[in-house]
Amino acid sequence: MVARIARLLFRIIGWLLTPLVITLAAALGATTLAVVAPQFSTGRALIIMAIGGLLGAVLGFWGWMKLLERSRGLREVLHVTTEGVPTEQGMEEVVGSDPPDDPSDDDSQPTSPDVEATS
């Protein structure tokens, strides 16, 4: 049970790597351009940092997608497709599969108000 919970936790963390990588790349881009920002006025410095963050996010996303596209081993470990989307098998392990339809539990059949339930 503990191993299943640990595997589940690591799988979810693995799926959250894409937004984490992009966030870190954006922060790195903004920080890098923040070094040159003090040379400008406050308004321009904020614009320069925003451009750096956007550029870092775009490059980080592009690099992460290229890495997922090229590394089959990484995709298998994270249970994601080349687009970074969780696979069906991975989702079934985390969420569980849908239970089979039980015909005896069908609520769609109308019941007659004249029939009394016997207890």
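This passage walks through a buried threonine, a nonpolar core and the salt bridges of a predicted model. Residues are numbered from 1 along each chain as its sequence is written. Local features need pLDDT of at least 70 and side-chain atom pairs count only at pLDDT 80 or more, while totals for chains, interfaces and linings use all residues, and side-chain values use heavy atoms, with hydrogens and water left out.

Let's start with threonine 18, which sits in helix H2 (residues 17–34); helices here are DSSP runs of H or I, at least four residues long, numbered from the N terminus. Threonine 18 counts as buried because its relative accessibility is 14%, and buried means under 20% relative accessible area, exposed over 50% and partly exposed in between (1.4 Å probe, protein chains only). Its side chain makes a polar contact with that of tryptophan 64, at 2.7 Å. Such a contact is a pair of N or O atoms within 3.5 Å; within protein, one must be able to donate a hydrogen and the other to accept it, and residues adjacent in sequence count only if both atoms are side-chain atoms.

Tryptophan 64 turns up again in the largest nonpolar core, whose six residues are Trp15, Trp64, Met65, Leu68, Leu78 and Val80. A core like this is a set of buried Ala, Val, Leu, Ile, Met, Phe, Trp, Tyr and Cys residues joined through side-chain atoms within 4.5 Å.

As for charges, the whole structure holds two salt bridges, each a side-chain nitrogen of Lys or Arg within 4 Å of a carboxyl oxygen of Asp or Glu. One pairs lysine 66 with glutamate 69 (3.8 Å, N to O), and another joins arginine 72 to glutamate 76 (3.0 Å, N to O).

How values were computed
Helices (H or I, at least four residues) and strands (E, at least two) are DSSP runs, numbered from the N terminus.
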